[in-house]
Amino acid sequence: RVLVSRPALERTRTRLYSAAFTAFVFLVLTRFTRILASAGGRGDSLMDTIPTIVVEQAGSDQTRGFQVINRPWTIAQMVKTDAWRAMVPEDYVYIAETDHLLLRDLPNRATPALNVAFFFPYMSSAPERQAAVVRRYYQGDHRDVQPVGPSPAIMHVDTLKRLAPLWLELSVRLKRDREADAALGWVLEMWG
């Protein structure tokens, strides 16, 4: 199941529906579903094309001008709705974004206790600027923080429900923290 936003769908109508802004593929890949974060939580004309879960987009008090915080916001809002489990009945979810394409079958190696995610070498907690931030937000050895973001990832739906509000809360806290914002930059929300 893939959740895609309107801009991506409009750009990719002639291709396999791929992901955009906040886009998620839910395993087992049975059908596509889109998450739409919009002003006022309003639907759009693409809802007739692809099943859609609509949520209100994050306000500026959350994003602080960093619209990428809409990713954890949207997921955190989605898991609060009754519609999402009706539309996404699978036990595991695959989360992807615009530039994450599946070129071959993706085995589900996740378990209820283990998430599987992509390694991002640029998310190292070794450089001192990042290490200083990670040490303030992580209780333990900062070198134990894995360089993986929230996407692409595979996890159990119960894990998604548990992690979504934490991802949002930490992303907002990091954005409000000037040192963290400067050290983590454009990948700040991936550290959440």
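# Briefing: burial, salt bridges and helix packing

Aspartate 141 has a relative accessible area of 27%, which places this residue in the partly exposed class. The model described here is a predicted one, and its protein chain of 192 residues has 48% of them counted as buried. The secondary structure of that chain consists of eight helices and seven strands. The points below turn first to the chain as a whole, then to its salt bridges, its helices and some single residues.

**The chain as a whole**

- Among the contacts of the protein chain with a separation of 6 or more, 66% are accounted for by residues that stand 24 or more positions apart.
- The protein chain has an accessible surface of about 10,200 Å², and carbon and sulfur atoms contribute 54% of that area.

**Salt bridges**

- Eight salt bridges are found when the whole structure is searched, and one of them joins the side chains of glutamate 189 and arginine 71, with 3.5 Å from N to O.
- This pair connects distant parts of the chain, since glutamate 189 belongs to helix α8 (residues 188–191) while arginine 71 belongs to helix α3 (residues 70–78), and the two residues are 118 residues apart.
- Both partners of this bridge fall under the 20% limit for burial: glutamate 189 is buried because its relative accessibility is 0%, and arginine 71 is buried with a relative accessibility of 17%.
- Aspartate 141, introduced above as partly exposed, forms a salt bridge with arginine 143 through their side chains, with an N to O distance of 2.7 Å.
- Arginine 143 has a relative accessibility of 60% and therefore counts as exposed, whereas its partner aspartate 141 is partly exposed at 27%.
- A further salt bridge brings together the side chains of aspartate 181 and lysine 175, at 3.0 Å from N to O.
- In that pair, aspartate 181 is partly exposed with a relative accessible area of 23%, while lysine 175 counts as buried at 13% relative accessibility.
- Elsewhere, Arg136, Asp177 and Glu179 are joined into one network by salt bridges that share partners.

**Helix α3 and its packing against α6**

- Nine of the nine residues of α3 are buried, so this helix is largely enclosed by the rest of the structure.
- The buried residues of α3 are Asn70, Arg71, Pro72, Trp73, Thr74, Ile75, Ala76, Gln77 and Met78, and Arg71 is also the residue that meets glutamate 189 in the salt bridge described above.
- Helices α3 and α6 pack with their axes 8 Å apart and at an angle of about 145°, and the crossing of these two helices is left-handed.
- On the α3 side, the contact is made by Arg71, Pro72, Trp73, Ile75, Ala76 and Met78, and on the α6 side by Leu160, Ala164, Pro165, Trp167, Leu168 and Ser171.

**Helix α5 and what covers it**

- In helix α5 (residues 128–137), the buried residues are Gln130, Ala131, Val133 and Val134.
- These residues lie on the same side of α5, because the arc that they cover around the axis is only 165°.
- Glu128 and Arg129, on the other side of α5, are exposed.
- The cover over the buried residues of α5 includes α6 (157–176), α7 (178–184) and α8.

**Single residues in α7 and in the strands**

- Alanine 182 is a residue of helix α7, and its relative accessible area of 44% makes it partly exposed.
- The C-alpha atoms of alanine 182 and valine 133 are separated by 10.0 Å, although the two residues are 49 residues apart along the chain; valine 133 is one of the buried residues of α5.
- Tyrosine 94 is located in strand β5 (residues 92–96), where it counts as buried with a relative accessibility of 6%.
- Between the C-alpha atoms of tyrosine 94 and alanine 117, which are 23 residues apart along the chain, the separation is 9.3 Å.
- Most peptide bonds are trans. The bond from serine 151 to proline 152 is cis, with omega near -5°, and proline 152 has its place in strand β7 (residues 148–156).

Key. Residues are numbered from 1 along each chain as its sequence is written. This is a predicted model: local features need pLDDT of at least 70, side-chain atom pairs count only at pLDDT 80 or more; totals for chains, interfaces and linings use all residues. Side-chain values use heavy atoms; hydrogens and water are left out. A salt bridge is a side-chain nitrogen of Lys or Arg within 4 Å of a carboxyl oxygen of Asp or Glu. Helices (H or I, at least four residues) and strands (E, at least two) are DSSP runs, numbered from the N terminus. Buried means under 20% relative accessible area, exposed over 50%, partly exposed in between (1.4 Å probe, protein chains only). Contact means heavy atoms within 4.5 Å. Accessible areas come from the Shrake-Rupley method with a 1.4 Å probe; for residues, only the protein chains shown count as cover. The arc is that of the directions from the helix axis to the C-beta atoms. Axes are lines fitted to C-alpha atoms, for helices over the stretch in contact, and angles run from 0 to 180 degrees between N-to-C directions. A crossing is left-handed if the near helix is turned anticlockwise from the far one by less than a right angle, and right-handed if clockwise.
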